[in-house]
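Grab a pencil and work through a few exercises on the protein shown here. Try each task yourself before you read its solution.

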Amino acid sequence: MRMTGRRQAGLVAVAVLVTMTGLTGCAPFACPAIGWSNTLTVQLVGDTSAVDQVQLCTDAGCAPAADVDPSGPLGWITVESNDGDSWTFSVGMTSMEQVTVRTLAADGTVLSDTEATPEWVRVGGSAQCGGPSEATVAVQA
């Protein structure tokens, strides 16, 4: 069976349309978000007057800190805000199952190391594609 020019052009158009739909994210199975940032809030309980800095620690180390490799696993952890009692961290797309919250005095003395298990709640995106999450942990200052 021989294809006519018109029929061949129609099949090519359909193939191009299907390909473009998949590449542009217009297909129902495509996820539009390519990245997001999760937020972990540390609520300090008790007297916070001696606390100068709060860090999040994992097996890879503690951050934020001056010696953290920005391209490493701790490079995404940054302090977004703090009011002395509440410290909010951006942690990239990570959602740590366990974290140690470290409080430090102005001279660098460790005041406390407290293990915490954040309960992450997705606040955007979708169940299929994921999206930004938030968690809050409370620790003794």
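What follows is a set of exercises, each with a worked solution.

Before you start: this is a predicted model, where local features need pLDDT of at least 70, side-chain atom pairs count only at pLDDT 80 or more, and totals for chains, interfaces and linings use all residues. Residues are numbered from 1 along each chain as its sequence is written, and side-chain values use heavy atoms, with hydrogens and water left out.

**Exercise 1. Get an overview**

Task: Find out how many helices and strands the protein has, and what share of its residues is buried.

Solution:
- Step 1: Look for helices (H or I, at least four residues) and strands (E, at least two), which are DSSP runs numbered from the N terminus. You should get one helix and nine strands.
- Step 2: Put them in sequence order, and the pattern reads α-β-β-β-β-β-β-β-β-β.
- Step 3: Now sort residues by relative accessible area: buried is under 20%, exposed is over 50%, and partly exposed is in between (1.4 Å probe, protein chains only). Of the 141 residues, 30% count as buried.

**Exercise 2. Track down the disulfides**

Task: Search the whole structure for disulfides and work out which cysteines pair up.

Solution:
- Step 1: Use the cut-off, a pair of cysteine sulfur atoms within 2.5 Å. The search turns up two disulfides.
- Step 2: Take Cys 31 and Cys 129, whose S to S distance is 1.9 Å. This pair ties together distant parts of the chain, 98 residues apart: Cys 31 sits in the loop between helix H1 (5–24) and strand E1 (39–45), and Cys 129 in the loop between strand E8 (121–122) and strand E9 (133–140).
- Step 3: Check the handedness. The torsion about the S-S bond of Cys 31 and Cys 129 is about -80°, so this disulfide is left-handed.
- Step 4: Check the surroundings. Cys 31 is partly exposed at 37% relative accessible area, whereas Cys 129 is buried at 19%.
- Step 5: Turn to Cys 57 and Cys 62, with sulfur atoms 2.0 Å apart. Their link has 110° about the S-S bond and is right-handed, and both cysteines are buried.
- Step 6: Count the bonded cysteines along the chain, and you get the pattern 1-4, 2-3.

**Exercise 3. Build the sheet**

Task: Which strands form the four-stranded open sheet, and in what order?

Solution:
- Step 1: Two strands pair if DSSP finds at least two bridges between them. E2 and E6 run antiparallel and are joined by five bridges, while E6 and E7 pair in the antiparallel sense over six.
- Step 2: Write down the full order, which is E3-E2-E6-E7, with antiparallel pairing.
- Step 3: Look at the edges. E3 and E7 each have a single partner strand, so one side of each is left without a neighbour in the sheet.
- Step 4: Add the twist, which averages 25° from one strand to the next (axes are lines fitted to C-alpha atoms, for helices over the stretch in contact, and angles run from 0 to 180 degrees between N-to-C directions).
- Step 5: Zoom in on E6. Five of its six residues are buried, so E6 is largely enclosed by the rest of the structure.
- Step 6: Follow the hairpin of E6 and E7, which has five residues between the strands; Gly 108 there takes a positive phi near 90°.

**Exercise 4. Find the salt bridge**

Task: Which residue forms a salt bridge with Arg 102?

Solution:
- Step 1: Recall that side chains of opposite charge can pair when their charged atoms come close. Here the cut-off is a side-chain nitrogen of Lys or Arg within 4 Å of a carboxyl oxygen of Asp or Glu.
- Step 2: The partner is Asp 113, with the closest N and O atoms 2.8 Å apart. The structure holds one salt bridge.
- Step 3: Place both ends: Asp 113 is in strand E7 (residues 110–116) and Arg 102 in strand E6 (residues 99–104).
- Step 4: Compare with the sheet, where Asp 113 is also the bridge partner of Arg 102 in E7.
- Step 5: Read off the exposure. Asp 113 is partly exposed at 42%, and Arg 102 is partly exposed at 23%.

**Exercise 5. Look inside the core**

Task: Which residues have the most contacts inside the largest nonpolar core?

Solution:
- Step 1: A nonpolar core is a set of buried Ala, Val, Leu, Ile, Met, Phe, Trp, Tyr and Cys residues joined through side-chain atoms within 4.5 Å. The largest has 20 residues, and Val 42, Val 54, Leu 56 and Phe 89 have the most contacts inside it.
- Step 2: Strands E1, E2 (53–58), E5 (86–90), E6 and E9 each give two or more residues to this core.
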